[in-house]
Amino acid sequence: MNKFLQFNFAVILLVLSFFTFFENAYAQASNTVSAVNISEAREGEPVEVRVELIQTQPISNVRFAYLPFGATEYLINDMELYGGLASFTIPKENVKLPYISYYVIVDLTDGSQEIYPLGAPDASSPEQITVKALSAKDKEIILLSPTRGEILPLDEVFISVSFVKATDNIHVPSTKIFLNDTDISENALFAGELIVFYAENFPGTISDGNQTIRIETFDSTGTPYHAIESNFQTVEAGYFQAVSSKFKYRGSIQAEARNEKFNDESEWYNNITANFSGSNDDWDFSAHTYLTSEEESSRQPQHRFSATVASEWLTLKGGDTYPRFPKYMLDGKRVRGFYGDLRLGFINVKTTFGEIRRDIEGQLLETYSSENAPLSSDIIAINEARYGNPFGRVNLGTFSRDIFAIRPSFGSGENFQWGFSYLHSKDDNNSIEFGAKPQENVVAGTDLKIALDNQNIIFTGQAMASLFNSDISTGDLTDAQIDSVFGEGSIYDADTDQIKDLKDFVGQFITVNQFIGPLNPQELSSIAAEAGIQLNYLKNSLDIKYIYRGNDYQSFGQDFLRTDVKGINLVDRIRMFDNKVFLSIGYENLKDNLQETKISTTTYQTLNTTLSIFPRTDFPNITLGYTNYNNENEISPTDTTNNIYLIDNKTNRFLARLSYDIKAGVDHATSLSISTSNRDDNSLADNDANYTSMSLSVNSYWEKHFTTFLSLVNYASEIAGLEYNYFTFSLGGRYKLMEDKLQLTASVSPSFGDFERKAFDFLAQYNVLQNLSFIFQFRYYDIADQSSNSVAGLTTRLNF
């Protein structure tokens, strides 16, 4: 595409954007989230997510909810919270084409929540991460060194590119190598099928920091053939210390002092972070510590610490860990304790144990005698000798909760693995004085993977069963209690000896009393299972799953699993034109009321289609999507007895996204996204919902030291007859000076309409030495008729 066409496309993009902006509106408005930064998403590779928070004073926890295309429900995980930053890594197995939808849940200290973006995922569109596809041509260009994400001393930077697997379509002598958008091809050595570049031969070519490398290839006519990108990091030679000929280490210490002012209230926060990593032959070592003044006994832990030793066959980690077991049992929940993973190939063992919730003492508010104690969930028995009365009204505290999980498995997991899992989690009844109903949970099950025909056919499955006791404070049933309840002439006509034997067996794993469930295991109410097959043929990836989750299934290691549902889930991804065009189709049909505990059964149907075009040349990347939700139950609107429970709603959503790197004098990275949704609710609630959202962003790279960014976001909605509209404009820039030692970043972001806010951000980073830097940050937010607040902080970072 020539520069004239590039210019015209840019103009069309901008005109279309502004025209649409004055017709409708959506803003990523938030009182807690400043920005969400996502690393490049490539198919089958992990994705780093970093959420910047406006202020931390009212925040107790941050969770990240994400939905791979075609998945049944959002996967919700706790984020690592470090002062004004929350982070999470999306596992590589969940990074699938064509995109990942996500939203952020911010839990506040007053018990309320804020969702970013506002209203997601039902009343507004969630954010989306476009996943880039791998091309068959990627295998023709082999970047031998440096590897992706590698950290190297400046004096050891060596770039090596191999074309040993290249086809005749690549004319190797025409290849161009770009380092941070600077063409270094003329300094590279071309030797047949190998290209090498030694940084030490060209002083000043590269400085410390994050580096991006791009390899562009051409055919014999000079026509672009294919390009790959990678990244690595360079540090000063002294940063990478050699303790001996075999051991290397590096580390950093960062200290922050931050003041947050909210209206007339002001609070200081101080934290320190220390990281260490090293390697010796085949072993890697790492340690992490985060200490903060936000640590309080009335909150869950804010401090973080961990230490890890790892090799190809063993991982040992102590402190705060986030173990991943079969997703129905334990997946990404924070465990403060121990994690171990032994990988011997045919035999493997993974285990974890520790605390998933610490105790928080309750508060006694009022005492009562036996005669005047009211019936209420916050009235509990208390120590009469200490408090004068046997009952009291309390603010209920939180029991500490421990967990143990283990999974032995057979097979490496590449083509075969059969695993067996067990989890036990229990509240400590003695951890607090003012609490009620400590609980206990046991989960056991199995999972299986079989891959055939070079993994073109993959069978997967898992099944878990759970037991849950909602109140273990009374302990196990005694034999005398069993005799009084069971047996001939008693409430339940059952053999008491069999009941006692069953209690003795089950009691080895969980407390057995009148509060244990399920009481109807024969109805599979506490079973969660799925079975699937994946077929990869003819550039087609077809994934079919059957899902069953009983309404009583529960695991303390998985808080956000949707239960009481069964049905099929089908996803087909079709690759065309060398992975430049993708057609993705997803269909799901689920039903609830598995144990017939509801008045009627609801059917949930979802159709999801996406067409993605990634030309990898001078043309925009385009994604077009359509989603239909159809939810209905069997209740008739004319059924005056039950029509209050009627469910009958249909939702249609449309999405269009364009991204384009314009190179016309100045490089511009542009992105335009438009989404609209219409929900027709035929229930008595008549909760119709319509919204249209649009966002435009332009990042401009004027020169090596100067970058600007522009963002426009617009939103218009009408939910149950209530309109909510606003518009946000953001403009900022980043400038480097003093030989890149000083970096200044500033932005303004006012919002207008039903959400009025003025925002200003400023950041200055000064590198005193190669390994010592100071960062000053100031942030000011003013929300009309509500509040004004500011955040000012100074951070010092030392690398060693």
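## Two cis peptide bonds

P117 is located in the loop that connects β8 (113-116) with β9 (127-130). The peptide bond between Y116 and P117 is cis, and its omega angle is about -5°. These values, like every other value in this report, belong to a predicted model.

A second cis bond occurs further along the chain, from S145 to P146, with omega near -5°. P146 also belongs to a loop, the one between β10 (142-145) and β11 (151-153).

## The chain as a whole

The chain contains 4 helices and 50 strands. Its C-alpha trace extends over about 95 × 70 × 65 Å along the principal axes. A compact globule of 800 residues would have a radius of gyration near 28 Å, and the chain has 29 Å, so the two agree.

Of the 800 residues, 44% are buried. The exposed area of the chain is about 39,500 Å², and carbon and sulfur atoms supply 55% of that area. When contacts between residues at least 6 apart in sequence are considered, 58% of them join residues at least 24 apart. The chain carries 63 positive and 103 negative charges, and the mean positions of these two groups are 6 Å apart.

## The nonpolar cores

The largest nonpolar core has 29 residues, and the members that touch the most other members are V36, V51, V62, F64, M79, I90 and V104. Five strands each supply at least two residues of this core: β1 (33-38), β2 (47-53), β3 (59-68), β6 (85-90) and β7 (99-108). The greatest contribution comes from β7, which gives 5 residues.

What does I90 contact, once its neighbours within four places in sequence are left aside? Its partners are P46, V47, V49, F64, Y66, V95, I100 and I129. Another core, of 21 residues, lies apart from the largest one; its members include I159, A188, I215 and Y225.

## The surroundings of I184

I184 sits in the loop between β14 (182-183) and β15 (189-191). Is this residue buried or exposed? Its relative accessibility is 3%, and buried means under 20%, so I184 counts as buried.

Not counting residues up to four places away in sequence, I184 touches I159, I177, L179, F197 and T205. One of these partners, I159, is also a member of the core of 21 residues. By contrast, S400 is 216 residues from I184 in sequence and 58 Å from it in space, C-alpha to C-alpha.

## Two residues with positive phi

L538 has a positive phi of about 55°, although this residue is not a glycine. The residue is placed in the loop between β35 (527-537) and β36 (540-549). L538 counts as exposed because its relative accessibility is 84%, and the cut-off for this class is over 50%.

M738 is another residue other than glycine with a positive phi, here near 55°. Its loop runs between β45 (722-737) and β46 (742-748). With a relative accessibility of 46%, M738 counts as partly exposed.

## L561 and S773

L561 lies in the loop between β36 and β37 (565-576). At 17% relative accessibility, L561 is counted as buried, since the limit for that class is under 20%. Leaving aside neighbours within four places in sequence, the contacts of L561 are E73, Y328, R549 and Y553. The C-alpha atoms of L561 and G251 are 38 Å apart in space, while the two residues are 310 residues apart in sequence.

S773, in turn, is part of a strand, β49 (residues 772-783). A relative accessibility of 7% places S773 among the buried residues. Which residues does S773 touch, not counting those up to four places away in sequence? They are Q765, Y766, N767, V768, T795, T796 and R797. For one of these contacts, T795, the C-alpha atoms of the pair are separated by 8.3 Å, and the two residues are 22 residues apart along the chain.

Note on methods. Residues are numbered from 1 along each chain as its sequence is written. This is a predicted model: local features need pLDDT of at least 70, side-chain atom pairs count only at pLDDT 80 or more; totals for chains, interfaces and linings use all residues. Side-chain values use heavy atoms; hydrogens and water are left out. The radius of gyration is taken over C-alpha atoms; the globule rule is 2.2 Å times the number of residues to the power 0.38. Buried means under 20% relative accessible area, exposed over 50%, partly exposed in between (1.4 Å probe, protein chains only). Contact means heavy atoms within 4.5 Å. Accessible areas come from the Shrake-Rupley method with a 1.4 Å probe; for residues, only the protein chains shown count as cover. Lys and Arg count as positive and Asp and Glu as negative; His and the chain ends are not counted. The place of a charge is taken as NZ of Lys, CZ of Arg, CG of Asp or CD of Glu. A nonpolar core is a set of buried Ala, Val, Leu, Ile, Met, Phe, Trp, Tyr and Cys residues joined through side-chain atoms within 4.5 Å.
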